[in-house]
Amino acid sequence: MAPKLPIYLDNNATTRCDPRVVEAMLPYLTETYGNAASRNHSFGWAAEEAVEQAREEVAALIGGTAKEIVWTSGATESNNLAIKGAAHWYQSKGKHLITVTTEHKAVLDSCHALERDGWEVTYLDVKPDGILDLDTLRAAIRPETTLVSVMLANNEIGVIQPVAEIGAICREHGVIFHCDAVQATGKVAIDVNAMNIDLLSISGHKMYGPKGIGALYVRRARPRVRLQAIIDGGGHERGMRSGTLPVHQIVGLGKAAVYAKEDLDSGKIDEQRRLRDRLWAGLQENLDELYINGSMEQRLPNNLNVSFAYVEGEALMMAIRDIAVSSGSACTSASLEPSYVLRALGVEAELAHTSIRFGLGRFTTEEEVDYAIALLTEKVRWLREMSPLYEMVKEGIDLKSIQWEAH
Amino acid sequence: MAYSDKLINHYENPQNVGSLDKADPEVGTGLVGAPACGDVMKLQLKINDEGIIEDARFKTFGCGSAIASSSLVTTMVKGMHVEQAEQIKNSEIAAELSLPPVKIHCSVLAEDAIKAAIADYRKKREAAQA
């Protein structure tokens, strides 16, 4: 049966808000619309109750307690608050931070901002499979290091970092560990205590919740983590994040967490892995010269990042317009630079230009995957017929032997 | 990115895709760009003794704009005298396809490809006459 078009395979960019989540949110716009900070009437109490229930729901997904959840506008704010907030609060201890070159821009640019304000930041390289080497991390920790920020799973290549080991190293050295878990929540089991995570960023819209809402887990005990607020005002969220709480959004994030946990506990998430593996197997059966970017073993169950050698990524995306994906090609970015994540893995620029990211999701069907395999096969073949590089390689010419003129 | 209908049409129905015999003394081959930059164009022109471009073929590795620019160029130069083809400016290609600013380099590459193919043809002619 032909699937309904277009097909959404870009679930690492954002996800469809689950209709069950939307349904739970609606009454908090039109009926229970009170301000959760209104302490003296029933509208306020009802709103507060909903917010606190959502806090429980989000905490349950990551093994924390409700009091450790701080609501934010999204993961970019969570990352800013965690990194800048901790750096400022603990600056008397030292002004050195450690992160990784493949982190999300919200982490990297928060670090760059701190560098301009006098902090020193070490950016660790990853191995060719995208994973951080633990000895590299150990060697980078200094007496004045206050924070290590390492993501749980990468947004482009889906590679999962050994966060439990990283957490243990940080705890041993008395360094705060921030983990950007935006891509991982609901896809891999998270336990902030077992993993020794002190700060953890969550996004609503990456896990079938609404956009515009996120959370930051802030450890309250052993050790108690303190943050300097970056948004000042009415002192909401224990002074860490002022601003009237968007109750409907928070209810949405809470419900999204409930269903994310359900996917994990019931093993439903394995269906995404099965479809992802089906996609990869189908492509490999039909096409030659495909290259996986990042570890296939330590990877999110829904992510596939493939370089279709000799076919430029944006051209391929134009050819498969009925399928929504992303590319690491320079031509899809305003900077005309290929993906910095792929470059950090040592992927050569010529292959980075040909990369496509597939993000399967809760609503992806087998028919959609099979349609994608067939369309990609047809269009990659068509573009390779048009590719001078593919022609040269088939003629036995070593592309590296040619003096290309960079422009 | 929002592209013009003309660009999309050239991309989806590219004209004159293929290769001519590199060894043919009447064929000039231009290969410009670099894989690391994300675009490589191969343009081949078959030029007769009067200097008229009788045929043109391309193969391009690159984004949709690069492929459309190559396709457009092959349709423009066919029937032209080489001296006329040499005068084609990238701005004409960019205007014809309404290339967005970040894609202007695709038209530059197409202009370079014409010049490179003609230069290769002239080199072959000189070598044959020497």
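Start in chain B with the second largest cavity, whose lining residues split into six nonpolar, three polar and one charged. In that count, Ala, Val, Leu, Ile, Met, Phe, Trp, Tyr, Cys and Pro are nonpolar, Asp, Glu, Lys and Arg are charged, and the others, Gly among them, are polar. To see the lining, select B:Met41, B:Lys42, B:Leu43, B:Phe58, B:Thr60, B:Ser69, B:Ser70, B:Val73, B:Ala110 and B:Ala113. Strand S2 (39-47), strand S3 (53-61), helix H2 (64-77) and helix H5 (104-129) of chain B each give two or more of these residues. Helices (H or I, at least four residues) and strands (E, at least two) are DSSP runs, numbered from the N terminus. The space has a volume of about 40 Å³.

Before moving on, some ground rules. This is a predicted model, where local features need pLDDT of at least 70 and side-chain atom pairs count only at pLDDT 80 or more, while totals for chains, interfaces and linings use all residues. Residues are numbered from 1 along each chain as its sequence is written, chains are lettered from A and ligands numbered from 1 in the order in which they are written, and side-chain values use heavy atoms, with hydrogens and water left out.

A cavity is a set of points on a 1 Å grid over the protein atoms alone where a 1.4 Å probe fits but cannot get out; a pocket is an open set with protein on both sides within 12 Å along at least five of seven lines, and lining residues have an atom within 4 Å of a point. Points are joined across faces, edges and corners, and a volume is the space filled by probe spheres set on them.

How many cavities of 30 Å³ or more does a search of the whole structure find? Two. For the largest cavity, about 60 Å³ in volume, hop to chain A and select residues including A:Thr185, A:Lys206, A:Tyr208, A:Asp263 and A:Arg362. Helix H8 (247-266) and helix H9 (269-286) of chain A each give two or more residues to this lining.

Next, the largest pocket, with a volume of about 360 Å³. Of its 18 lining residues, A:Arg39, A:Glu52, A:Arg55, A:Glu237 and A:Leu245 lie nearest the centre. Helix H3 (residues 42-62) of chain A gives the most, four residues.

Last stop: helix H4 (residues 75-89) of chain A. Here 11 of the 15 residues are buried (under 20% relative accessible area, 1.4 Å probe, protein chains only), so H4(A) is largely enclosed by the rest of the structure. Try A:Leu81, A:Ile83 and A:Gly85, which are among the buried ones.

Definitions and conventions: Buried means under 20% relative accessible area, exposed over 50%, partly exposed in between (1.4 Å probe, protein chains only).
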